[in-house]
Every structure is written in structure tokens, then in C-alpha cells.
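Reader: I am new to this structure. Please take a close look at one part of it, the salt bridges, and describe what surrounds them.

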Amino acid sequence: MKRAVFILVLSLSLTLTAGKSFAQRALPGMRGLELRSGMVDGWYSSSPSSATGYYFGLAMSRYSKNANKWVYGIEYLNRGYPYKSERIPMAQFTGEGGYYYKFLSDVSKTFFFYLGGSAMAGYETVNWGDRLLSDGSTLQSRDRFIYGGAVTLEAEAYLADRIVLSISGRERVLLGTTSGHLHTQFGIALKFIID
């Protein structure tokens, strides 16, 4: 009897102190739904003299070999341009599709670092289509379709097996716009692995 208890205690202690096993993460075919938000061209401020903005979006990612991933999403970006004592709003509604290459991760598959490239297209509106300003001036900018791409640097951290927190920095390069071709974004996202 003592021998059986000893073997049971020994096997239980070996099981508890043995090396950890990690969940299967970022496997080919896994998909995640991501909610994004962040700042555009600096820290957002509601001050009329501030030329910064914010964005938010929704994306779907599908992992491929070596934890690389395909990302498809939609995004709303809002930026204000100072004019006298007010701000002229510029909004962009864009869709994107791109590939993110994993260039670094830890052994436990808890942290991943990605470099991604995306193609983007959408619509831009300046002052919500109203070309006449409050002081009688007329805007030369018009609403139009925009197209281009983005380069993204992203870090992901698994909070749980199906919940991922990520931070990112990206540079958008869009043509067809009258509000500037380059916009720098930095933000945070929460991803839920759905299968």
C-alpha cells in the first residue's frame, strides 16, 4: 500500500513540475475577429488648433503557414484641419486586404511581431460634402474615391488562448486624396479567435 501511494504521489508531483505545454496558437486556418482603434498623425485633441485625428475599424484575420496571416478589414478615419477658430473635418471610409509576415515570436507562442503590407481603397469626404464654410469661404477639396496601401508593424500578445491584444503602427499612402497622401496611425486592437 505504501508503495502504491509513493508511486501515485511521485507521478503527480512529476506531472505538476514537468515542463509546461502551450496551447496551439496561430495555426493555419485559424481565424480571428479584431476591433481596432487609435490615433492619426499625433495625439488626438478636440482643440480647434489641433490637426490630429482618430480611427476605428473591424478586421478579420486568417492565419497561414508559420503564423503569417491574411488580414481583411474596414476602417473609419477622422481628422480635423484647423481653419480660423474651427476645424474642418475630413473622413475616410476604407477597406483593406493584406498579408502580414511574422518575423519574430517567442517559444511559448505568446508574443508575435509582424510586418504587413495592405492594399486599400475607399471614399473620402471633406466637411461632410459641404463646400461652403461658416465665414462664406468655399472649399476647393471635393469628396472622392481614394486608393493606395499601408505598411504596418504590429506586436501581438495572447492574454488567453482565444483573446489577443495587439499594438500597431502604420503608414497609409493614399492617392486621389486632397487632404494629404500620408497618414501615420498608431493604435491598439483586441482580437477574438473564433475558430
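Author: A strand, as the word is used here, is a DSSP run of E with at least two residues, and strands are numbered from the N terminus. Leu35 has its place in one of these, strand β1. The model is predicted, so what follows describes computed values.

First, the setting. The chain has one helix and eight strands. Starting at the N terminus, the order of the elements is α-β-β-β-β-β-β-β-β. The chain has 195 residues, of which 37% count as buried. If contacts between residues at least 6 apart in sequence are taken, 60% of them join residues at least 24 apart.

Now the salt bridges. Their count comes to twelve. One of them is formed by the side chains of Glu34 and Arg36, at 3.2 Å from N to O. Glu34 and Arg36 are both buried. Arg36 also has a salt bridge to the side chain of Glu96, with an N to O distance of 2.8 Å. Glu96 belongs to strand β4 (residues 86-105) and Arg36 to strand β1, so this pair ties together parts 60 residues apart in sequence. Like Arg36, Glu96 is buried.

A further salt bridge joins Glu156 and Lys191, whose closest N and O atoms are 2.6 Å apart. Glu156 is in strand β6 (residues 144-160) and Lys191 in strand β8; at 35 residues apart, the pair links distant parts of the chain. Are these two partners buried or exposed? Glu156 has a relative accessible area of 2%, and because buried means under 20%, Glu156 counts as buried. Lys191 also has a relative accessible area of 2% and is therefore buried by that cut-off.

Some salt bridges share partners, and in this way Glu34, Arg36, Glu75, Glu96, Arg170 and Arg172 are joined into one network. Gln185, a residue of strand β8, touches members of this network. The residues in contact with Gln185, leaving out those up to four places away in sequence, include Glu75, Arg170 and Arg172. Others in that list are Met39, Val40, Tyr55, Leu77, Ser168 and Gly169. The side chains of Gln185 and Glu75 are also joined by a polar contact of 3.2 Å. Gln185 is buried, because its relative accessibility of 2% is under 20%.

Leu35 lies between Glu34 and Arg36 in the numbering, and its exposure can be set beside theirs. Whereas Glu34 and Arg36 are buried, Leu35 is partly exposed, with a relative accessible area of 47%. Leu35 is one of the residues that make a nonpolar surface patch of about 1,000 Å². The patch also includes Leu33, Leu58, Ile74, Leu159, Ile163 and Leu165. Ile167, Ile188, Leu190, Phe192 and Ile194 belong to it as well. Strands β1 (31-40), β7 (163-175) and β8 (182-193) each supply at least two of its residues. The accessible surface of the chain as a whole is about 11,100 Å², with 67% belonging to carbon and sulfur atoms.

Glu156 leads to the nonpolar interior. Glu156 is among the residues touched by Tyr114, when residues up to four places away in sequence are not counted. Tyr114 also touches Tyr63, Ala67 and Tyr100, among others. Tyr114, Tyr63, Ala67 and Tyr100 are all named in the largest nonpolar core, which has twelve residues. Its other members are Ala26, Met30, Ala59, Val71, Phe112, Tyr158, Val164 and Ile193. β2 (53-63) and β5 (111-126) each supply at least two residues of this core. A second core, separate from this one, has eight residues, including Leu77, Met90, Leu133 and Leu139. Leu77 was named above as a residue touched by Gln185.

The last stop is a loop. Thr177 lies between β7 and β8, and is buried, since its relative accessible area of 9% is under 20%. Which residues does Thr177 touch, not counting residues up to four places away in sequence? They are Gln92, Glu124, Arg144 and Ile146. With Glu124, Thr177 has a side-chain polar contact of 2.5 Å. Ile146 is 31 residues from Thr177 along the chain, and their C-alpha atoms are separated by 5.9 Å.

Conventions: Residues numbered from 1 in each chain as written. Predicted model: local features only at pLDDT ≥ 70, side-chain atom pairs only at ≥ 80, totals over all residues. Heavy atoms only, no water. Core = buried A, V, L, I, M, F, W, Y, C linked by side-chain atoms within 4.5 Å. Buried < 20%, exposed > 50% of the residue type's maximum accessible area, 1.4 Å probe, protein only. Helix = DSSP H or I, 4+ residues; strand = E, 2+ residues; numbered from the N terminus. Contact = heavy atoms within 4.5 Å. Patch = residues over 30% accessible without salt bridge, like charges linked within 9 Å, V, L, I, M, F, W, Y side chains within 5 Å. Areas by Shrake-Rupley, 256 points an atom, 1.4 Å probe, with all protein chains shown as cover. Salt bridge = Lys/Arg side-chain N within 4 Å of Asp/Glu carboxyl O. Polar contact = N/O pair within 3.5 Å; in protein donor to acceptor, adjacent residues only side chain to side chain.
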